[in-house]
Amino acid sequence: MSGFAPQGLTWTVLQVHRRALLISGAFLTLAAVALVWLRGEGQEAARLNGPCSSPPTPDLPDCADVVLLPSFDVAGYVSLASTVIAWLPLAVALYAGAVLFGAELERGTARVAWTQSVTPRRWFATKLVLPAVVITAGFSLLSLLYRWTRGAAAEVLGDQWHYADVFVTMGPVVLAYGLLALAVGALAGLLVRRALPAGGIALAVTGLVMVLCERWRSDLWPPAEQVWKKSRGELGNSAWRLENGLITPTGRRVQDCVHATVIPPGCREARSAKQWYAVHHPSDHFWPLQLVETGILLALAALATAIAFRVLRRHHA
């Protein structure tokens, strides 16, 4: 059995950060229990808010009672779960910068390890790989559980796949954010060598990347276009609508003439329009958008890690 036990530097890192591991394990356990419970509640809400009959039948509730069922609470909790999971990388960035690397460099414990036959490169790699394994396992579990829970409550949810927190939580993007946060925290700790400033910088940089990716997410994959002739059509609730309007007889596209508070230029000409258009991402664009954003984030994480190794090598030299 002793051959399978962690030894040396690996064991030391696990011991030093055992409190963080225990807290992370407790959080994952509670989150998993909550998501399993939400799945059951979502199934019940979907059943009660499904088909109805007036008068009611043994299999279908009265339609007059369906609108009174508490599906909003289920939808609200599922939405809250997506928000919590989507923004967890900020906690990773703060911990990585302030505790995992910044605090050890500030207190000098890292230098002590370097004098005990542990090279700085090995010390850094071990402290980076072990949290990366935990992050990969934890975020993968949370994302899969969230998708499983959401699938059972889909009929009573108000948020769509393209909502920012839902999009991040439902795929590998949330894992990529976690790994990026770890890499940014490591780099900040090596550069600043002080716990609180390193944690603050890692938190700010990770948050900025998350905001920028949300802002430009719709441009990561070419959108689809739908044109209707003679009458305006509908895209459906699952479509991520980016732009819609009318096409004038001259071929000019004019946006939002109907709902605008101030009539935009070209709307008078558009009164004679016979065509309508919409630019959107259909639901089958979910995975292309996920994979492109994941690739960008992993590339940034790799870049931050490479820079961190370079900083470490130059400082040690």
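**Exercise 1. In which helix does Tyr-77 lie?** Then place Tyr-77 in the surface patch it belongs to, and state how exposed it is.

Solution. The model is a predicted one.

Step 1. Find the element: Tyr-77 is a residue of helix H4.

Step 2. Find the patch. Phe-27, Trp-37, Tyr-77, Leu-80 and Val-84 make a nonpolar surface patch of about 500 Å². Two elements give two or more residues to this patch: helix H2 (18-48) and helix H4 (71-86). The largest share, three residues, comes from H4.

Step 3. Judge the exposure. The partly exposed class runs between 20% and 50% relative accessible area. Tyr-77 has 45%, so Tyr-77 is partly exposed.

**Exercise 2. Describe the largest pocket by its volume, its lining and the classes of its lining residues.**

Solution.

Step 1. Take the volume: the largest pocket has about 640 Å³.

Step 2. Look at the residues around the pocket. The lining has 23 residues, and those closest to the centre of the pocket are Ala-20, Ser-24, Val-92, Val-134 and Ile-135.

Step 3. Assign the lining to elements. At least two lining residues come from each of helix H1 (8-16), H2, H5 and helix H7 (120-152). H7 supplies the largest share, seven residues.

Step 4. Sort the lining by class. There are 20 nonpolar residues, three polar ones and no charged ones.

**Exercise 3. How many cavities of 30 Å³ or more does the structure hold?** Describe the lining of the largest cavity as well.

Solution.

Step 1. Count: there is one cavity of 30 Å³ or more. The volume of the largest cavity is about 60 Å³.

Step 2. List the lining of the largest cavity: Ala-86, Trp-87, Ala-164, Asp-165, Val-168, Tyr-177, Met-210, Glu-214 and Arg-217. Helix H8 (164-169) and helix H10 (195-216) are the elements that give two or more residues to this lining. H8 gives the most, with three residues.

Step 3. Sort the lining by class. Six residues are nonpolar, none is polar and three are charged.

**Exercise 4. How many salt bridges does the count give?** For each one, find the elements it joins and say whether its residues are buried or partly exposed.

Solution.

Step 1. The count is three salt bridges. A residue is called buried when its relative accessible area is under 20%.

Step 2. Take Glu-104 and Lys-127. Their closest N and O atoms are 2.8 Å apart. Glu-104 lies in helix H5 and Lys-127 in helix H7, so this salt bridge ties together parts 23 residues apart in sequence. Glu-104, with a relative accessible area of 8%, is buried. Lys-127 is buried too, at 1% relative accessibility.

Step 3. Take Arg-217 and Glu-293, whose closest N and O atoms are 2.7 Å apart. Arg-217 lies in the loop between H10 and strand S1 (224-229), and Glu-293 lies in helix H12 (residues 286-316), so the pair ties together parts that are 76 residues apart in sequence. Both Arg-217 and Glu-293 are buried. Arg-217 also appears in the lining of the largest cavity.

Step 4. Take Arg-253 and Glu-225, with 2.6 Å between their closest N and O atoms. Arg-253 is in strand S3 (residues 253-255) and Glu-225 is in strand S1, and the pair links distant parts of the chain, 28 residues apart. Arg-253 is partly exposed at 38% relative accessibility. Glu-225 is partly exposed as well, with a relative accessible area of 44%.

**Exercise 5. Is Phe-101 buried or exposed?** Place Phe-101 in its helix and relate it to Lys-127.

Solution.

Step 1. Phe-101 lies in helix H5 (residues 88-107).

Step 2. The relative accessible area of Phe-101 is 0%, so Phe-101 is buried.

Step 3. Compare sequence and space. Phe-101 and Lys-127 are 26 residues apart in sequence, and their C-alpha atoms are 8.2 Å apart in space. Lys-127 is the salt-bridge partner of Glu-104.

**Exercise 6. Where is Arg-193 found?** State what is notable about its phi angle.

Solution.

Step 1. Arg-193 is in the loop between helix H9 (173-192) and H10.

Step 2. Recall the general pattern: most residues other than glycine have a negative phi.

Step 3. Set Arg-193 against that pattern. Arg-193 is not a glycine, yet it has a positive phi of about 60 degrees.

Methods: Residues are numbered from 1 along each chain as its sequence is written. This is a predicted model: local features need pLDDT of at least 70, side-chain atom pairs count only at pLDDT 80 or more; totals for chains, interfaces and linings use all residues. Side-chain values use heavy atoms; hydrogens and water are left out. On a 1 Å grid over the protein atoms alone, a cavity is a set of points where a 1.4 Å probe fits but cannot get out, and a pocket is an open set with protein on both sides within 12 Å along at least five of seven lines; lining residues have an atom within 4 Å of a point. Grid points are joined across faces, edges and corners, and a volume is the space filled by probe spheres set on the points. Helices (H or I, at least four residues) and strands (E, at least two) are DSSP runs, numbered from the N terminus. Ala, Val, Leu, Ile, Met, Phe, Trp, Tyr, Cys and Pro count as nonpolar, Asp, Glu, Lys and Arg as charged, and the others, Gly among them, as polar. Patches are made of residues with over 30% relative accessible area and no salt bridge: like charges are joined within 9 Å, nonpolar side chains (Val, Leu, Ile, Met, Phe, Trp, Tyr) within 5 Å. Accessible areas come from the Shrake-Rupley method with a 1.4 Å probe; for residues, only the protein chains shown count as cover. A salt bridge is a side-chain nitrogen of Lys or Arg within 4 Å of a carboxyl oxygen of Asp or Glu. Buried means under 20% relative accessible area, exposed over 50%, partly exposed in between (1.4 Å probe, protein chains only).
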